[in-house]
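Trainee: Could we go through this model together, one region at a time? I'd like to ask about whatever catches my eye.

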Amino acid sequence: MFETLTETEPERPPSPVAALVAAPRLPTPLEERSARRRPRFPIAPERRAFMKRHFPEASEEEWNDWRWQARHRIRTLAQLERLFVLSDDERAAVARLSGGLPVGITPYYASLMGREDPQEPLRRTHIPVGDEFVTTPGEAADPLGEDHDTVVPGLVHRYPDRVLFLVTGFCSTYCRYCTRSRVVGHAGGEYHFSLAQWEKALAWIEDHPQIRDVLLSGGDPLTLGEDRLDWLLGRLRRIRHVEFVRIGTKVPVVLPQRITRELLRVLRRHRPIWMSLHFTHPAELTPETAEACSRLADAGVPLGSQTVLLRGINDDAAVLKRLFHGLLRLRVRPYYLYQCDPIRGSAHFRTPVDKGLELMAALRGHTTGYAVPTFVVDAPGGGGKIPLLPDPVVGRDGADLLLRNFEGGVFRYPDPEGQLGRQLDGERR
Ligand code: SF4
């Protein structure tokens with residue numbers, strides 16, 4: 001049986017496609033030995049205290065069971081009130097939600113949030129406030145124009161050699177700034193994720209030999225059950241021109257218990273698989289997340305992180321440095337720092353673009369190059385990602401190009417045939 005989690009039905013009836021799913025490969029002796037050596041999933045002392053206070057009936061096994069975490073997500077005002085001292089603004093905003101992006105927070109992730117302080121960073125990213133209902137100029141439900149580039153439902157083709165495959169509308173937690181809030185979390189919403197839809201998307205990819213890279217996203221692909229994921233990855237890997245698959249996921253951050261041996265077996269079977277994780281703040285760097293990342297890295301999955309720049313949450317060089325240094329220790333390469341997309345009701349999250357450049361100037365050269373992601377604006381209307389860096393070109397002096405380094409010093413590079421910087425000289429004259 002294919003297993004997945006959806007907003008409406010946790011289980012599905014048996015599918016004839018199950019017959020197509022390969023029997024699970026038996027672990028090798030080496031894998032068995034390393035599995036025996038690996039400790040059970042850790043539970044940090046703060047998490048134990050949280051469990052005892054809010055889920056006293058749960059056993060450690062249940063807490064560490066990702067399905068238990070998914071079933072016990074915090075979704076209603078009453079559940080939020082049980083865990084947090086809500087502000088009037090939060091309470092009114094949650095009561096007002098209807099039909100849009102729902103609330104959904106795993107107990108594990110809720111345990112990282114501030115109980116009393118509505119300004120606590122992780123809490124701000126997941127509990128709605130009144131500003132979410134204010135639409136400002138330039139905002140849109142689909143700011144990146146993904147619907148325009150959708151070639152079959154759930155398959156977005158914008159760049160020549162790759163596609164974005166939206167495989168589920170389900171996430172274990174819902175980020176209030178989500179670019180795809182128009183499609184995720186809605187039972188029976190705009191996209192109906194189904195096997196028939198997957199088949200259409202697979203057929204399109206098969207028919208387009210220029211597609212060498214498929215990014216699975218949604219929703220969160222790691223909320224699919226192993227059998228469904230195994231089947232989908234198997235089908236993609238059988239397409240000769242698909243060189244590798246990427247998975248975009250927040251699961252290791254908000255539901256690290258999901259990184260089970262069974263899941264790792266599936267990922268190993270279909271490698272190369274790359275993974276883009278979605279970290280936001282150093283408060284997410286916990287022993288549990290470290291275990292999840294370690295398991296993925298040990299399974300040969302290269303890990304990167306995409307971080308959305310959020311006002312008052314992570315728009316601070318010291319906060320970002322702590323996050324990016326922590327990620328490198330977990331073998332996760334900070335990959336993109338995103339300017340927050342102008343989805344409806346996101347003005348309170350967005351910083352001026354200058355802020356991103358200021359942060360890049362504070363990082364670049366001041367710390368390990370691997371710890372410095374690329375700052376990008378995803379151009380509204382489907383223009384794609386545009387990288388931005390503080391401009392280091394000062395101008396020219398004769399045959400020399402003048403460049404500013406990370407400390408503000410100006411240096412010469414002999415470049416007699418170059419044109420770079422000449423325009424600046426002209427502007428100065
Ligand atoms: S996990 Fe990703 S897809 Fe899901 S709500 Fe957050 S940003 Fe959106």
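Trainee: Which residue stands opposite Leu309 in S8?

Mentor: Leu309 stands opposite Gln339 in S8, and please keep in mind throughout that this is a predicted model. S7, residues 303-309, and S8, residues 332-339, are joined by seven bridges and run parallel.

Trainee: How does the chain get from S7 to S8, and which hand does the crossover have?

Mentor: From S7 the chain passes through helix H14, residues 317-329, before it reaches S8, and this β-α-β crossover is right-handed. In the loop between H14 and S8 you will find Arg331, which has a positive phi of about 65° although it is not a glycine.

Trainee: And what joins S6 to S7?

Mentor: Strand S6, residues 273-277, runs parallel to S7 and is joined to it by three bridges. Within this pair, Leu277 stands opposite Ser305 in S7.

Trainee: Where do these strands sit in the sheet, and what is its order?

Mentor: They belong to an open sheet of ten strands with mixed pairing, and its order is S1-S2-S3-S4-S5-S6-S7-S8-S9-S10. Its edge strands are S1, residues 150-152, and S10, residues 384-387, each of which pairs on one side only.

Trainee: What about S3 and S4, how do they pair?

Mentor: S3, covering residues 162-166, and S4, covering residues 213-217, pair in the parallel sense over five bridges. Leu164 is the residue that stands opposite Leu215 in S4.

Trainee: Back to H14 for a second. At what angle does H14 pack with H15?

Mentor: The angle between H14 and helix H15, residues 353-363, is about 60°, and their axes are 10 Å apart. Angles of 65 to 115 degrees would count as roughly perpendicular, so H14 and H15 are oblique to each other. As for the hand, H14 passes H15 in a right-handed crossing.

Trainee: Switching to the ligand, which residues surround it?

Mentor: The shell around the ligand includes the cysteines Cys171, Cys175 and Cys178, together with Tyr174, Arg180 and Val184. Gly218, Gly219, Asp220, Lys250 and His278 also surround the ligand.

Trainee: How many of the shell residues are nonpolar, polar and charged?

Mentor: The residues of that shell divide into five nonpolar, three polar and three charged.

Trainee: What kind of peptide bond joins Gly218 and Gly219?

Mentor: Gly218 and Gly219 are joined by a cis peptide bond, with omega about 10°. Gly219 is in the loop between S4 and helix H10, residues 226-237, and both glycines are among the residues that surround the ligand. A cis peptide bond also joins Arg271 and Pro272, again with omega about 10°, and Pro272 has its place in the loop between helix H12, residues 261-269, and S6.

Trainee: Now the three-stranded sheet. What is its order, and which strands stand at the edges?

Mentor: Its three strands form an open sheet in the order S11-S12-S13, with antiparallel pairing. S11 and S13, the latter covering residues 410-414, stand at the edges with a single partner strand each, so one side of each is left without a neighbour in the sheet. From one strand to the next, the twist averages 30°.

Trainee: How many bridges are there between S11 and S12, and which residues are partners?

Mentor: S11, residues 393-397, and S12, residues 400-404, pair in the antiparallel sense over four bridges. Val393 has Leu403 as its bridge partner in S12, and Arg396 has Leu401.

Trainee: What happens in the turn of that hairpin?

Mentor: Two residues lie between S11 and S12 in the hairpin, and Gly398 in the turn has a positive phi of about 65°.

Trainee: And how do S12 and S13 pair?

Mentor: S12 and S13 run antiparallel and are joined by five bridges. Leu401, which was also the partner of Arg396, has Tyr413 as its bridge partner in S13, while Arg404 stands opposite Val410. The hairpin of S12 and S13 has five residues between the strands, and Gly408 takes a positive phi near 95° there.

How values were computed. Residues are numbered from 1 along each chain as its sequence is written. This is a predicted model: local features need pLDDT of at least 70, side-chain atom pairs count only at pLDDT 80 or more; totals for chains, interfaces and linings use all residues. Two strands pair if DSSP finds at least two bridges between them. A crossover is right-handed if, with the strands pointing away from the viewer, the path from the first strand over the helix to the second runs clockwise. A residue is near a molecule or strand if its C-beta atom, placed from the backbone, lies within 6 Å of it. Ala, Val, Leu, Ile, Met, Phe, Trp, Tyr, Cys and Pro count as nonpolar, Asp, Glu, Lys and Arg as charged, and the others, Gly among them, as polar. Axes are lines fitted to C-alpha atoms, for helices over the stretch in contact, and angles run from 0 to 180 degrees between N-to-C directions. Angles under 35 degrees count as roughly parallel, over 145 as roughly antiparallel, 65 to 115 as roughly perpendicular and the rest as oblique. A crossing is left-handed if the near helix is turned anticlockwise from the far one by less than a right angle, and right-handed if clockwise.
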